[in-house]
Amino acid sequence: MRTLIIEPLSKAAFAPFGEVIETDDSAFFMINNGSTQRYHQLATVQTNTPDDQAIISIFRAEALPMPLTIRMLERHPQGSQAFVPLLGNPFLIVVAPPGDVPVSGSVRAFRSNGRQGINYHRGVWHHPVLTIEKRDDFLVVDRSGPGPNCDEHFFEAHEYLLLAPHP
Ligand SMILES: NC(=O)N[C@@H](O)C(=O)O
Ligand code: NI
């Protein structure tokens, strides 16, 4: 079973999967009479039909036992999905490029420094939210609308991957 190398999250490394939502090394302009820095359009919400809405939720996630065997990934074909950590804790991201099915050999893992959120583009394969803390809160911006919007893919046993963050 391949052990995933957990890469530090960066805009460039994550570009094939979506955006990193962070102020570090991001452009801003001043608003509110010079009292506020606006980090404008760090990511774009993708939807699909005119009836779709971009919605904002909070996910309170419980940690999964680690090391974790990655047996499945999911995707949202009709819209993007953003996760922004609310409590400043690092968290893990496991992704694969869009395609009919995720390719086990193309799966990558990243670690957010806790000041970084991510926005999965439409169709990007990803593991459901992975907190490092026992419990953690995330602001989630994604698409609500008609029709199914969550495809799951379960790997064959020989394609399983191991996610083993340092304790
Ligand atoms: N199912 C759901 O809303 N959450 C997943 O999409 C996820 O990426 O955690
Ligand atoms: Ni998702």
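Student: How many of the 167 residues of the protein chain count as buried?

Tutor: Of the 167 residues, 28% count as buried. Keep in mind that this is a predicted model.

Student: What confidence does the predictor attach to the chain?

Tutor: Start with the general idea. Where pLDDT is low, the coordinates should not be read in detail. In this case the mean pLDDT of the protein chain is 98. Of its residues, 100% reach 70 or more. The model scores are ipTM 0.95 and pTM 0.97.

Student: Which secondary structure elements does the protein chain hold?

Tutor: One helix and 17 strands. The radius of gyration is 16 Å, and the globule rule gives 15 Å for 167 residues, so the chain is as compact as a globular protein of that length. Along the principal axes, the C-alpha atoms fill a box of roughly 60 × 40 × 30 Å.

Student: What share of the contacts joins residues at least 24 apart?

Tutor: Take the contacts between residues at least 6 apart in sequence. Of these, 84% join residues at least 24 apart.

Student: How do I read a sheet?

Tutor: Strands of a sheet pair through backbone hydrogen bonds, either parallel or antiparallel. One open sheet here has three strands, in the order E1-E17-E7, with mixed pairing. Its edge strands are E1 (2-3) and E7 (68-70), each of which pairs on one side only.

Student: In which sense do E1 and E17 pair?

Tutor: E1 and E17 (residues 161-163) are parallel, with two bridges. Thr3 has Leu162 as its bridge partner in E17.

Student: Now strand E12. Are its faces covered or open?

Tutor: Both faces of E12 (residues 117-120) are covered. Gly117 and Asn119 are buried on one side. Ile118 and Tyr120 are buried on the other.

Student: Which residue of E12 is the bridge partner of Ile21?

Tutor: Gly117 is the partner of Ile21. That belongs to the pairing of E3 (residues 18-21) with E12, which is antiparallel over four bridges. E9 (residues 81-85) also runs antiparallel to E12, joined by three bridges. There, Phe83 stands opposite Ile118.

Student: What is the bridge partner of Phe83 in E15?

Tutor: Val140. E9 and E15 pair in the antiparallel sense, with five bridges. So for Phe83, read two partners: Ile118 in E12 and Val140 in E15.

Student: How many bridges does E15 form with E6?

Tutor: Ten, again antiparallel, between E6 and E15 (residues 135-144). Ala61 is matched with Asp136 in E15.

Student: Glu62 is in E6. Is Glu62 buried or exposed?

Tutor: Count neighbours. A residue is exposed if 12 or fewer other C-beta atoms lie within 10 Å of its own. Glu62 has 10 other C-beta atoms within 10 Å, so it is exposed. Its strand, E6, spans residues 53-62. Now a distance: Glu62 and Ala82 are 20 residues apart along the chain, and their C-alpha atoms are separated by 18 Å.

Student: What is the peptide bond between Met66 and Pro67?

Tutor: It is cis, with omega about -5 degrees. Pro67 lies in the loop between E6 and E7.

Student: Which phi value does Asp25 have?

Tutor: A positive one, about 55 degrees, although Asp25 is not a glycine. Asp25 lies in the loop between E3 and E4 (29-31). Asp25 has 8 C-beta neighbours inside 10 Å, so it counts as exposed.

Student: Where does Asn32 lie, and what is its phi?

Tutor: Asn32 lies in the loop between E4 and E5 (36-38). Phi is near 55 degrees, a positive value in a residue other than glycine. Why is Asn32 exposed? Because it has 8 C-beta neighbours inside 10 Å.

Student: Last, the ligand. Which residues are around ligand 1?

Tutor: Glu74, Gln81, His126, Pro128, Val129 and Cys150.

Student: How do the residues of that shell divide into nonpolar, polar and charged?

Tutor: Three are nonpolar, two polar and one charged. To sort them by name, take Pro, Val and Cys as nonpolar and Glu as charged.

Terms used. Residues numbered from 1 in each chain as written. Chains lettered and ligands numbered in written order. Predicted model: local features only at pLDDT ≥ 70, side-chain atom pairs only at ≥ 80, totals over all residues. Near = placed C-beta within 6 Å. Buried ≥ 20, exposed ≤ 12 C-beta atoms within 10 Å, placed from the backbone. Pairing = 2+ DSSP bridges. pLDDT = per-residue confidence, 0-100. Rg over C-alpha atoms; globule rule 2.2 N^0.38 Å. Contact = placed C-beta atoms within 7 Å.
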